[in-house]
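Colleague: I would like a close look at one part of this protein, with enough of the surroundings to place it. Please take me through it step by step.

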Amino acid sequence: MIDPVFVLILTLLVTVILYQSLKIAGESERFAVFVLGRFQAYKGPGLVFVIPHTQQAHRLRIGDTGTLTSYEFARFGDVDIPVRNLRSLRRGQAVRIDGFDGVEPRLVASSVAAATTCPQCGHEF
């Protein structure tokens with residue numbers, strides 16, 4: 001016979017793992033999924049499954065602002081996500097997610113000025 005305490009602990013463990021693995025993205029959201037720190041894919045909308053402690057999912061919403069760090073990457077919050085090569089935008093320019101083309105974010109220039117820090121004294125301009 002199986003010990004009821006063992007069954008209870010196993011049930012709690014499975015519940016915690018499922019709670020950490022399932023994410024829900026709304027119609028105006030996507031997740032940028034990273035596996036061990038390397039970008040894997042954009043996922044959403046709907047139910048997204050991630051493997052805890054191996055995959056990380058960063059939520060991207062329409063209207064989020066960031067900075068174009070290069071022609072291939074944009075920084076939103078504390079993560080750099082890959083973007084399509086946009087020659088109409090300059091490196092260092094503030095960008096905003098205007099929508100999604102399938103699952104990839106569509107970026108436009110933001111009216112919010114990007115803060116640039118002076119390397120000598122540290123003030124923003």
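Modeller: What follows is a close look at strand 7 and its surroundings, starting from the whole chain and ending at the helix.

Keep in mind that this is a predicted model. The protein has 1 helix and 10 strands. Along the sequence the helix comes first and the strands follow, in the pattern α-β-β-β-β-β-β-β-β-β-β. Of the 125 residues, 26% are buried. Among contacts with a separation of 6 or more, 40% link residues 24 or more positions apart. The exposed surface is about 8,400 Å², and carbon and sulfur atoms supply 59% of that area.

Now to strand 7, which covers residues 73-76. Start with its two faces. Ala74 and Phe76 lie on the covered face. Phe73 and Arg75 lie on the uncovered one. In a regular strand, side chains alternate between the two faces of the sheet.

Next, the partners. Strand 6 (residues 65-68) runs antiparallel to strand 7, and 2 bridges join them. These two strands form a hairpin with 4 residues between them. Threonine 67 has arginine 75 of strand 7 as its bridge partner. On to strand 8 (79-82). Strand 7 and strand 8 also pair in the antiparallel sense, over 4 bridges. Here alanine 74 stands opposite isoleucine 81 of strand 8. This hairpin has 2 residues between the strands, and glycine 77 takes a positive phi near 70° in it.

What does isoleucine 81 touch beyond its sequence neighbours? Leaving out residues up to four places away, the list is Ala32, Phe34, Tyr42, Leu60, Glu72, Phe73, Ala74, Phe76 and Pro105. Three of these, Phe73, Ala74 and Phe76, were named above as residues of the two faces of strand 7.

That leads to the nonpolar core. The largest one has 15 residues. Leu60, Leu68, Phe76, Ile81 and Leu107 touch the most other members. Strand 2, strand 7, strand 8 and strand 9 (94-101) each give two or more residues to this core. Strand 9 supplies the largest share, 3 residues. There is also a second, separate core of 5 residues, which includes Ala25, Phe31, Val33 and Val50.

Phe31 takes us to another sheet. Phenylalanine 31 stands opposite lysine 43 in strand 3. Strand 2 (residues 29-35) pairs with strand 3 in the antiparallel sense, over 5 bridges. Both belong to an open sheet of 3 strands, in the order 3-2-5, with antiparallel pairing. Strand 3 (38-43) and strand 5 (55-61) are the edge strands, since each pairs on one side only. From one strand to the next, the twist averages 25°.

Last, the helix. Helix 1 spans residues 4-21, and serine 21 belongs to it. Is serine 21 buried or exposed? Serine 21 has 1% relative accessibility, so it counts as buried; the cut-off for buried is under 20%. A polar atom of its side chain lies 2.3 Å from the backbone oxygen of isoleucine 17. Leaving out residues up to four places away in sequence, serine 21 touches Val48, Phe49, Val50 and Pro52. One of these, Val50, is also in the second core.

Methods. Residues are numbered from 1 along each chain as its sequence is written. This is a predicted model: local features need pLDDT of at least 70, side-chain atom pairs count only at pLDDT 80 or more; totals for chains, interfaces and linings use all residues. Side-chain values use heavy atoms; hydrogens and water are left out. Buried means under 20% relative accessible area, exposed over 50%, partly exposed in between (1.4 Å probe, protein chains only). Contact means heavy atoms within 4.5 Å. Accessible areas come from the Shrake-Rupley method with a 1.4 Å probe; for residues, only the protein chains shown count as cover. Two strands pair if DSSP finds at least two bridges between them. Axes are lines fitted to C-alpha atoms, for helices over the stretch in contact, and angles run from 0 to 180 degrees between N-to-C directions. A polar contact is a pair of N or O atoms within 3.5 Å; within protein, one must be able to donate a hydrogen and the other to accept it, and residues adjacent in sequence count only if both atoms are side-chain atoms. A nonpolar core is a set of buried Ala, Val, Leu, Ile, Met, Phe, Trp, Tyr and Cys residues joined through side-chain atoms within 4.5 Å.
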